[in-house]
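Here are a few exercises to try with the viewer open. Have a go at each one before you read the worked solution.

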Amino acid sequence: MAINEQVPPPGKGSLYIRPLLIGSGPVLGVGPAPEYMFLTCASPVGNYFKVLLYLNDKQLILTSNEIELYGLLIKQQDKTPLSLYVEEEEVRAFSGGVGGVKSVSNYGPVLKALVRAKSLGFSDVLYLDPVNKKYLEEVSAANIFTLKGNVISTPPTSGTILPGITRKSIIEIARGLGFQVEERSISVHELTEADEVFCTGTAVGVAAVGSVTYRGTRFEFKVGENTVCQALGSTLVGIQTGLIEDKKEWIINIH
């Protein structure tokens, strides 16, 4: 099948490309693998987070494929804002570990907290630093940003946070639009006073956070039209799709 046949139509999804390195070789035991296998996986994907819908005022949580089945019977809330739960028990990564690289070992530890949060109706989990349990780290598979006035802040990639390419792109776009961007430690209490909160990631894109629940209290943030999150996300997608001139030479033509 040709690669272009795997690319979803505009607005329906995207082609997700993920390089993968696996240790291989005829050995069992604790130690470096004598051989490695490198491969690239490509798959069409829809919205990373499930979409929140309403049918006769009853809340439904559906996948992208299920949305197609309901057609005009539902009122779709496009890109429903995320609801995050601040986790204070489980830790995503520790200093000196592999939290700063894209490793499968970074996802196993988050599953317990993630399953618990989703069973309570939350979209995802927001983790705190492993030492003080006070400063923001990451969502399960995405970077976190806050906006207060004209200042956009995000935790620094100091070893426990993945330096994602979407994170880097949004920082550059925000600075180009005149925002002051700071990579610094952000306390959870500072988060609760933000005007906007959003996540970035390869599969996530740029996703608005509508609320964060911390110690039983729900804090809500501005979402929807005319938000900074929407402007940043639209600019990134515009560059990716060629609707906005790529002045940064990010786009590579493949012949």
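**Exercise 1.** In which loop does Val91 lie? Once you have found it, decide whether Val91 is buried or exposed.

*Solution.* One thing to keep in mind throughout: this is a predicted model. Start with the secondary structure: Val91 sits in the loop between β6 and α2 (111-119). Next, check the accessibility. Val91 comes out at 13%, and the cut-off for buried is under 20%, so Val91 counts as buried. Finally, look across to Val131: the two are 40 residues apart in sequence, with their C-alpha atoms 9.5 Å apart in space.

**Exercise 2.** Do the same for Gly201: which strand is it in, and is it buried or exposed?

*Solution.* Gly201 belongs to strand β12. Its relative accessibility is 7%, so Gly201 counts as buried. For a partner distant in sequence, try Leu162: 39 residues separate it from Gly201 along the chain, and 9.8 Å separates them C-alpha to C-alpha.

**Exercise 3.** How many disulfides does a search of the whole structure find?

*Solution.* The search turns up zero. Take Cys199 as a test case: the nearest cysteine sulfur belongs to Cys229 and is 8.8 Å away. A disulfide needs the two sulfurs within 2.5 Å, so Cys199 is in no disulfide. Turn it around and Cys229 gives a matching result, with the sulfur of Cys199 as its nearest at 8.8 Å. As for exposure, Cys199 is buried at 0% relative accessible area, and Cys229 counts as buried at 7%.

**Exercise 4.** Which residues have the most contacts inside the largest nonpolar core, and which element supplies the largest share of it?

*Solution.* The core has 21 residues, and the ones with the most contacts inside it are Leu84, Leu126, Leu136, Ile144, Cys199 and Val209. Now map the core onto the elements: those supplying at least two residues each include β6 (82-87), β7 (124-128), β8 (136-139), α4 (188-191) and β12 (196-201). The largest share, four residues, comes from β13, which spans 205-214.

**Exercise 5.** Which residues line the second largest pocket, and which domains do they come from?

*Solution.* The pocket's volume is about 260 Å³. Its lining is made of Arg18, Pro19, Leu20, Leu21, Lys102, Ser103, Val104 and Tyr107. Sort them by type and you get five nonpolar, one polar and two charged. Then sort by domain: domain 1 (3-44) and domain 2 (82-241) each contribute at least three residues.

Notes. Residues are numbered from 1 along each chain as its sequence is written. This is a predicted model: local features need pLDDT of at least 70, side-chain atom pairs count only at pLDDT 80 or more; totals for chains, interfaces and linings use all residues. Side-chain values use heavy atoms; hydrogens and water are left out. Buried means under 20% relative accessible area, exposed over 50%, partly exposed in between (1.4 Å probe, protein chains only). On a 1 Å grid over the protein atoms alone, a cavity is a set of points where a 1.4 Å probe fits but cannot get out, and a pocket is an open set with protein on both sides within 12 Å along at least five of seven lines; lining residues have an atom within 4 Å of a point. Grid points are joined across faces, edges and corners, and a volume is the space filled by probe spheres set on the points. Ala, Val, Leu, Ile, Met, Phe, Trp, Tyr, Cys and Pro count as nonpolar, Asp, Glu, Lys and Arg as charged, and the others, Gly among them, as polar. Domain bounds come from an automatic or database domain assignment. A nonpolar core is a set of buried Ala, Val, Leu, Ile, Met, Phe, Trp, Tyr and Cys residues joined through side-chain atoms within 4.5 Å.
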